[in-house]
Amino acid sequence: MGSTFAGRVNSATKSDATELVNILQKDVNPAISRIMVAEVEKKKDTATQKMNELMLTKDADTIQKEILSGQHPELSGKYVEKTVQYHTGKVQAIDVIKRIEENKNKYDFETTNLPAFYKEYLPSFADKDGSYALGFAAIFNKYKADEAVKDAQIRSDFAQTKKINEGVKIVLNGEKGTEWDVINKGLDYKLPPEEGGTTSRMFLTNTEKNDVALESARFLLDTATSSDDIDRALKILSAPRGIGKDGMNLGSLVSTKRSDVSDLVKKLNNKRVSLVTTERIQNEYQENLQKKDLIKNLFENNPDGSEKSFAQKQEILENAKSFG
């Protein structure tokens, strides 16, 4: 739907009769012209009203066939033809939009784009009247523009999320305790200036560096299997972030007093308590199993059926001392 489709169709208002009116207007009575033009507009309104009635019970193709066969005299005539086509285009645009919405789950912005996705649902304009295209565009163009804005935002958000998540992978793949070194050095790439600009850019802004650190801590929270994972996340949030452009120490994310950082620290501490408790229970369970095995071993006979000697039992008891 190009820009040439914008605007409202102007139905033809000239016929042999109106040409005669133009001639008579010069020499006889200008009022005749107004009467003739009003009659044309009246017929156009009648055509629109009739089309609205028919569209309630029939599809556009059926109506078109009936018009061509002369079943609707009020819709025949060249000066209403464009009005009929314009109205048909608007109605079918609504149907197309409905089909697109019903199949929106098939759209994958990572592998295609909206114009390509729409092709399956758009009618062929090659065999349509120009007025039909104008009517179709009057409805569809607004929908297409609104959806394009939404699509652009989704793509932008996805690209930003992907950028941050890839940074998280690189940071957490490094050694523990070096996270901010990786963020400030390993991810600090220089990029060419933006189009029309002269100043080079950095791959990550300071805000994005903070986001990478914050998402790294969140990832550790979500995937932690031990208190060590939580300790690493807390260290990322409490460690100095490096030196700013003004030469001043930036301090830690915790020192910024940001509410999202504070909330994350609280969740990490709660998770740590839970993990430490679980670890303690698991350790005690394992110790108890080992004690039971040692006691069982103490009173069991040797493989040959003989009773364990004092020295053997003494060795078993010495091993048991490691469990307190």
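**Exercise 1.** Which residues lie nearest the centre of the largest pocket, and how many residues line it?

*Solution.* The model is predicted: local features need pLDDT of at least 70, side-chain atom pairs count only at pLDDT 80 or more, and totals for chains, interfaces and linings use all residues. Residues are numbered from 1 along each chain as its sequence is written, and side-chain values use heavy atoms, without hydrogens and water.

Step 1. Fix the term: on a 1 Å grid over the protein atoms alone, a pocket is an open set of points where a 1.4 Å probe fits, with protein on both sides within 12 Å along at least five of seven lines; lining residues have an atom within 4 Å of a point.

Step 2. List the lining: there are 15 residues, and Asn184, Thr205, Asn206, Lys209 and Lys245 lie nearest the centre.

Step 3. Assign elements, where helices are DSSP runs (H or I, at least four residues) numbered from the N terminus. Helix 7 and helix 8 each supply at least two lining residues, and helix 8 has the largest share, three residues.

**Exercise 2.** Describe the largest nonpolar core and the surroundings of Leu237.

*Solution.* Step 1. A nonpolar core is a set of buried Ala, Val, Leu, Ile, Met, Phe, Trp, Tyr and Cys residues joined through side-chain atoms within 4.5 Å; buried means under 20% relative accessible area, exposed over 50%, and partly exposed in between (1.4 Å probe, protein chains only).

Step 2. The largest core has 28 residues, and Leu237 is among those with the most contacts inside it. Two or more residues come from each of helix 6 (130–173), helix 7 (179–186), helix 8 (206–223), helix 9 (227–238) and helix 10 (259–299). Helix 8 gives the most, six residues.

Step 3. Beyond its neighbours within four places in sequence, Leu237 is in contact with residues including Leu214, Ala217, Leu264 and Leu268 (contact: heavy atoms within 4.5 Å).

**Exercise 3.** Classify the ring pair Tyr118 and Phe140.

*Solution.* Step 1. Rings of Phe, Tyr and Trp (its six-membered ring) pair if their centres lie within 6.5 Å; planes under 30 degrees apart count as stacked, over 60 as edge-to-face and the rest as tilted.

Step 2. The centres of Tyr118 and Phe140 are 5.5 Å apart and the planes stand at 80 degrees, so the pair is edge-to-face.

Step 3. Tyr118 lies in helix 5 (residues 114–118) and Phe140 in helix 6, 22 residues apart. Tyr118 is buried at 3% relative accessible area, and Phe140 is buried at 1%.
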